[in-house]
Amino acid sequence: MLLTITASANEALPDATDLGHLLHKHPGRAQSFGVASGTAHVVYPEAVAARCTAALVLEVDPVALVRGRPGSGRRRSAPGGDGTLAQYVNDRPYAAGSLLAVALGQVFRTALAGRCDLRPDAAASPLALEITVPVVPCRGGADLAERLFGPLGWTVEARPLPLDEEFPEWGDSRYVTLRLTGNVRLAEALNHLYVLLPVLDDAKHYWIAADEVDKLVRAGAGWLATHPERGLVTRRYLRRRHAFVRTALQQLAIERLAEADDTDVDDLDNAVPVEEVAPADEVPEAEPAAPPLAKQRIAAVVDALRTAGATSVLDLGCGEGALLAALLAERSFTRVVGADVSFRALQVAARRLRLDRMPERTRDRLELVQTALTYRDARLAGFDAAVLMEVVEHVDPPRLPALEAAVFGAARPRTVVVTTPNVEWNVRYGLEPGHLRHRDHRFEWTRAQFREWADGVAQRHGYAVTVAGVGQDDEELGRPTQLGVFAR
């Protein structure tokens, strides 16, 4: 299995042998690396100032791939499935696909990230590149390669390989020789290959888990969100695992929206809760011993869950994990799941909860799940209680019925606890009428509006609801946070 990367000298790379610096592999020697599928070798067939070629050669050990693999002795009858014989007689050692992509990701990890301290200008500039892969499975015909690589600035030559050169009447095989030329940053070129080689093959030779979504979004940063074939790329890369595909497409939609609005993704993907934004000198003095509103809110939610007798709890829209920490501190909650659509929020939660250093007993009680709360997800069913703490106001009003159907209709826990800002209290934060507490809030309800929504949800789904408040009480304005406890 072979892939070559050729750089020709240009203004950004006057000496083409500096490709070795960018790849962090010296042109003067051959190097070998152990990878999951076998051994990867990096050599330079040519290295002169005008033109330099790096070759990645992957020697696959097909026996090692299935040795000790769960289910390796069972026959799979599905078309294209890995039957016992197919595990040993296949094209994996010869045709570029996911195995080569994994090797590329391991061997050229630093180059994929675009880092090169010795040649930072060259790493950040388009280079005159030519990439050749002699044998690539291309399920969908040679024109699929053009549809995938063409929009990324490549000139694409995909030449079909005959099924048998001695019998041309048999026609073409599903393999092509792929040649890409273009002026592209090296990191972008490697990320294009990392994502699209498995997409061309429409196969992955390893287990697809939730972290594959993160890998796809990370490798596709800056190009996949606007790619005309992003749907096909996402489905094939994630092996049509519908929950993962949906999650990835939602994240890509956030990136497209950010680009269209000329806004940083962080300003849109901001599910991590932010405290009220009023300057301290504009907020009325609180009681000396009064804890911050955020802590009062968490305490009120935990108390409501305790009162309901819940042992398994969903924190929907868990953000940075503040409520998760409080739930884990209560031993009566034996199963705690934090769910959020934002990858960044889940990563922050994992760090803040010190997931990697958490005691095993505590870790066994916790699970973090990436999912959209406006879609039904079977993983969220069967819990005693669910919490939407400062979440509903981040949902566009037309999407509220979808959230309602997913939480109260499909997941249907015995108890649902909802908190949301009381917009009437905003004058106490020095906010002008019409101004919301956070830039990502789609709306904020008055007490009457929240009561109307809560009563409607309860009536439609067979719940009884109790409405209260959290925080400093005001005769005229009520409390800053509204609290609804729904009991089925």
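The chain folds into 17 helices and 14 strands. This is a predicted model, so every value below is computed from its atoms. Of the chain's 488 residues, 49% count as buried. Among contacts with a separation of 6 or more, 70% join residues 24 or more positions apart.

**A pair of crossing helices**

Let's start with two helices that meet. Two packed helices are described by the angle between their axes and the distance between the axes. Helix H6 (residues 142-149) and helix H9 (residues 230-237) pack at about 110°, and their axes are 10 Å apart. That angle makes H6 roughly perpendicular to H9, because angles of 65 to 115 degrees fall in that class. The crossing of H6 past H9 is left-handed. On the H6 side the contact is made by Leu-144, Arg-147 and Leu-148, and on the H9 side by Leu-232, Val-233 and Arg-236. Sorted by class, that contact holds four nonpolar residues, no polar ones and two charged ones.

**Two helices with buried residues**

Helices H12 and H16 can be read side by side. The table sets out their expected and modelled lengths.

| Helix | Number of residues | Expected span | End C-alpha distance |
|---|---|---|---|
| H12 (residues 293-308) | 16 residues | 22 Å | 23 Å |
| H16 (residues 400-411) | 12 residues | 16 Å | 15 Å |

For H12, the end-to-end distance agrees with the span expected at 1.5 Å a residue. The distance for H16 agrees with its expected span too.

Which residues of H12 are buried? They are Leu-293, Arg-297, Ile-298, Ala-300, Val-301, Val-302, Ala-304 and Leu-305. Their cover includes strand S8 (312-316), helix H13 (322-328) and the strands S11 (385-389), S12 (415-421), S13 (464-470) and S14 (481-487). Gly-309 follows H12 and has a positive phi, near 75°.

In H16, the buried residues are Leu-400, Ala-402, Leu-403, Glu-404, Ala-406, Val-407, Phe-408 and Ala-411. S8, S11, S12, helix H17 (447-461) and S14 are among the elements that cover them. Just after H16 comes Arg-412, with a positive phi of about 50°.

**Positive phi in two loops**

Most residues other than glycine have a negative phi, and most peptide bonds are trans. Against that background, two loop residues deserve a look. His-24 is not a glycine, yet its phi is positive, at about 60°. His-24 sits in the loop between helix H1 (19-23) and strand S2 (31-35). With 37% relative accessibility, His-24 counts as partly exposed.

Glu-390 is not a glycine either, and its phi is positive at about 55°. The loop that holds Glu-390 runs between S11 and H16. Is Glu-390 buried or exposed? Its relative accessible area is 13%, so Glu-390 is buried, the cut-off being under 20%.

**Ile-5 and its neighbours**

Finally, take a look at strand S1 (residues 2-8), where Ile-5 lies. Ile-5 counts as buried because its relative accessibility is 2%. Leaving out residues up to four places away in sequence, Ile-5 touches Leu-19, Cys-52, Thr-53, Ala-54, Phe-108, Glu-130, Ile-131, Leu-186 and Leu-190. Ala-55 makes a handy reference point: Ile-5 and Ala-55 are 50 residues apart in sequence, while their C-alpha atoms are 6.4 Å apart in space.

Note on methods
Residues are numbered from 1 along each chain as its sequence is written. This is a predicted model: local features need pLDDT of at least 70, side-chain atom pairs count only at pLDDT 80 or more; totals for chains, interfaces and linings use all residues. Side-chain values use heavy atoms; hydrogens and water are left out. Axes are lines fitted to C-alpha atoms, for helices over the stretch in contact, and angles run from 0 to 180 degrees between N-to-C directions. Helices (H or I, at least four residues) and strands (E, at least two) are DSSP runs, numbered from the N terminus. Angles under 35 degrees count as roughly parallel, over 145 as roughly antiparallel, 65 to 115 as roughly perpendicular and the rest as oblique. A crossing is left-handed if the near helix is turned anticlockwise from the far one by less than a right angle, and right-handed if clockwise. Contact means heavy atoms within 4.5 Å. Ala, Val, Leu, Ile, Met, Phe, Trp, Tyr, Cys and Pro count as nonpolar, Asp, Glu, Lys and Arg as charged, and the others, Gly among them, as polar. The expected span of a helix is 1.5 Å times one less than its number of residues. Buried means under 20% relative accessible area, exposed over 50%, partly exposed in between (1.4 Å probe, protein chains only).
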